[in-house]
Amino acid sequence: MEKDDVGFVPTMGALHEGHLTLVRTAATECETVVVSIFVNPTQFNDPSDLDAYPRTLDADLGALKASGCNVVFLPSVEEMYGHGSARVMAGSVAARWEGEHRPGHFDGVATVVAKLFGAVGPCTAYFGLKDLQQCAVVRDMATSLLLPVGLRLVPTVREPSGLAMSSRNVRLSEDGRSKAAGMFRTLLSSVRKIQIGEPVGSVLVQGSESLRALGFEVEYLAMVDPVTMEPRETADPTSHVIVAAKIEGVRLIDNLPVSAS
Ligand code: AMP
C-alpha cells in the first residue's frame with residue numbers, strides 16, 4: 001500500500017493512549033507524522049477550564065518520540081493569533097449539544113484547525129471519534145473552505161473500565177473515576193435497548209436517570225446522525241448515542257454507535 005505523504009495529529013497535549021493511538025495510526029499510513037500541541041484559548045468558553053487544563057510537555061515529547069512522530073509543532077498563542085484578525089465560524093452542525101452548552105467553542109475549534117491545516121499544508125488529518133461533534137464540525141469546515149486535507153476518524157480508546165480516555169480524567173478522584181465508568185455502562189445499555197427495539201425516547205430518559213443516580217449532572221443524552229448532528233427518533237446503523245455530563249465538577253463527553261456490540 002502506498003503511504004500518504006504527511007499525517008497530521010492536532011492535540012492540546014497532556015497526551016494519553018487515545019492521542020498516541022492517533023499518532024501510531026498515522027505512522028502506519030503516512031511517510032511523515034506531524035503532531036501539534038497547542039492549548040487553544042479561543043475554544044475555552046470557561047476561563048477556569050483553560051487555567052486548569054493539564055500541561056505535561058516533557059512527558060508528551062517522550063511519548064511522541066516513542067510513537068512514530070517525526071515533527072512536533074509547538075506554536076505560541078502569538079504565532080497562532082498575532083497575524084491578522086479573520087476567524088472561522090463553525091457551520092450548522094455546531095448548533096446543538098456541545099455548541100449549545102459551550103457557546104463559541106466550535107468557532108474556536110474551526111478557527112484553530114483551519115489555521116493549523118494552513119501551517120502544516122496538504123495532509124491527512126487524524127481525529128478521535130470520542131469528540132464526535134468535533135469530527136462533524138471539522139469535516140464541514142474543511143469541505144466548506146475547500147481545504148486540501150483528508151480526514152481519518154479513529155475509534156475511541158478506553159480504560160479497562162470502559163471510561164473514555166481524556167486529559168480531563170486526571171482531575172477525578174479514584175471514586176470519581178469509578179463513577180465516571182458508569183457513563184460508558186449507561187451508553188452501552190442504551191444502545192443495547194435501542195438494538196432490541198425499545199422506544200428511543202424512553203431509553204434516553206432511563207439513561208439520564210441512571211446517570212443522575214450515580215451523581216452525574218447531565219447536560220444531554222441523545223441519539224443523533226453523526227454527520228448532521230441532528231437528533232434522531234428512530235435508529236439506523238449510523239446513529240450514535242451521545243452524552244455530556246459532569247462528575248466532581250469535571251465535564252466528560254462520550255458516545256457510542258447504536259451498532260456497537
Ligand atoms: P485533545 O488534545 O483533547 O484536543 O484531543 C486531540 C485529539 O485526540 C482529538 O482528535 C481527540 O478526539 C482525540 N482523542 C482524545 N481522546 C481520545 C480517545 N480516548 N480515543 C481516541 N481519540 C481521542
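## The shell around the ligand

Strand S1 (4–11), helix H1 (17–29) and strand S4 each contribute at least two residues to the shell around the ligand. The model is a predicted one. Helix H1 gives the largest share of this shell, with three residues.

In all, 17 residues surround the ligand, and those that come nearest are Met12, Gly128, Asp131, Val157 and Met165. By type, the shell holds eight nonpolar residues, seven polar residues and two charged residues.

## Polar contacts and cover

Three residues from the group that comes nearest to the ligand, Met12, Asp131 and Val157, are described here by their polar atoms. In methionine 12, a polar backbone atom is 2.9 Å from an oxygen atom of the ligand. Aspartate 131 uses its side chain: one of its polar side-chain atoms lies 2.6 Å from a ligand oxygen. In valine 157 the backbone takes part, with an N or O atom 2.9 Å from a nitrogen atom of the ligand.

On its own, the ligand has 490 Å² of accessible area, and the protein covers 92% of this.

## Threonine 124 in strand S4

Strand S4, one of the elements that supply residues to the ligand shell, spans residues 123–128 and includes threonine 124. The relative accessible area of threonine 124 is 11%, so this residue is buried.

Which residues does threonine 124 touch, leaving aside those up to four places away in sequence? The list consists of Asp4, Val6, Gly7, Phe8, Gly150 and Arg152. Asp4, Val6, Gly7 and Phe8 fall within the range of strand S1, residues 4–11.

## Cysteines

How many disulfides does a search of the whole structure find? The search finds zero. A disulfide would need two cysteine sulfur atoms within 2.5 Å. For cysteine 69, the closest cysteine sulfur belongs to cysteine 30 and is 12 Å away, which is too far for a bond. Cysteine 123 is in no disulfide either; its nearest cysteine sulfur is also that of cysteine 30, at 8.7 Å.

Are cysteine 69 and cysteine 123 buried or exposed? Cysteine 69 has a relative accessible area of 13% and is therefore buried. Cysteine 123 is buried as well, because its relative accessible area is 7%. The cut-off for a buried residue is under 20%.

Methods:
Residues numbered from 1 in each chain as written. Predicted model: local features only at pLDDT ≥ 70, side-chain atom pairs only at ≥ 80, totals over all residues. Heavy atoms only, no water. Helix = DSSP H or I, 4+ residues; strand = E, 2+ residues; numbered from the N terminus. Buried < 20%, exposed > 50% of the residue type's maximum accessible area, 1.4 Å probe, protein only. Contact = heavy atoms within 4.5 Å. Near = heavy atom within 4 Å. Polar contact = N/O pair within 3.5 Å; in protein donor to acceptor, adjacent residues only side chain to side chain. Areas by Shrake-Rupley, 256 points an atom, 1.4 Å probe, with all protein chains shown as cover. Nonpolar A, V, L, I, M, F, W, Y, C, P; charged D, E, K, R; others polar.
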